Amino acid sequence: MAAEVVELVPFPAKRARSRIGPLLAALAIIVAANVGIRMWRYLDQREQRQEYARLSEEFRLQQARVSGMEQQLLELETEMEGTRRLLESLDAEIPGKTGNERAQVLSRRSSAVKSHNLRIDDYRKLYRIYENESASLKSRRESLDNLADNLDIKEESP
């Protein structure tokens with residue numbers, strides 16, 4: 001009977017050993033896949049964080065440009081208002097003048113009109129550029145918001 005018992009013992013041990021190998025292999029595959037997925041996510045998020053930093057810096061620079069354009073537009077508006085007042089005062093002077101004085105006032109008015117028209121052209125050109133930059137800034141803001149949502153970044157609003 002001892003011989004039979006000796007013969008029966010290797011079978012369960014053999015079965016257990018044969019089961020552990022595939023289980024360990026499956027565990028190793030799961031761990032390796034998990035590590036691979038985490039590495040891929042880490043690298044992907046690192047690239048997204050770099051993209052976020054780049055977009056954030058570009059956003060700040062573009063925001064500064066737009067702010068500068070707004071200031072230039074305000075300056076042009078002020079200059080145009082000044083030339084408009086000058087034209088009104090010259091228009092009021094013209095009826096009271098005669099001869100050479102009238103010719104001088106008309107000449108000053110003509111140069112003021114040319115200056116005013118040039119300022120209007122500059123204003124229109126700058127305003128078109130300002131509109132494009134503002135639209136691009138809004139688009140970049142939306143891209144930053146989407147990236148911040150993907151990365152779960154608490155935004156400081158660049």
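Two residues are in contact when heavy atoms of theirs lie within 4.5 Å, and this idea will be useful at several stops of the tour through this predicted model.

Begin with the whole protein chain on display, where you can follow three helices and zero strands, so that, by the way helices and strands are assigned as DSSP runs, the order of elements from the N terminus on reads α-α-α. Among the contacts in the protein chain that join residues at least 6 apart in sequence, 75% are between residues at least 24 apart. If you now switch on the surface, you are looking at an accessible area of about 12000 Å², of which carbon and sulfur atoms account for 56%, while buried residues make up 18% of the 158 residues in the chain.

Next, select residues 99-151, which form helix H3 with its 53 residues. From its first C-alpha to its last, H3 reaches 76 Å, which is close to the 78 Å expected at 1.5 Å a residue. Then move on to Asp-152, the residue that follows H3, and note that its phi is positive, near 55 degrees.

Now select residues 10-93, which make up helix H2, and pick out Gln-62 within that helix. Is Gln-62 buried or exposed? Gln-62 counts as buried because its relative accessibility is 2%, and the cut-off for buried is under 20%.

To see what surrounds Gln-62, leave aside its neighbours within four places in sequence and select Glu-133, Ser-136, Leu-137 and Arg-140, with which Gln-62 is in contact. Finally, show the side chains of Gln-62 and Arg-140, which are joined by a polar contact of 2.9 Å.

Conventions:
Residues are numbered from 1 along each chain as its sequence is written. This is a predicted model: local features need pLDDT of at least 70, side-chain atom pairs count only at pLDDT 80 or more; totals for chains, interfaces and linings use all residues. Side-chain values use heavy atoms; hydrogens and water are left out. Helices (H or I, at least four residues) and strands (E, at least two) are DSSP runs, numbered from the N terminus. The expected span of a helix is 1.5 Å times one less than its number of residues. Buried means under 20% relative accessible area, exposed over 50%, partly exposed in between (1.4 Å probe, protein chains only). Accessible areas come from the Shrake-Rupley method with a 1.4 Å probe; for residues, only the protein chains shown count as cover. A polar contact is a pair of N or O atoms within 3.5 Å; within protein, one must be able to donate a hydrogen and the other to accept it, and residues adjacent in sequence count only if both atoms are side-chain atoms.
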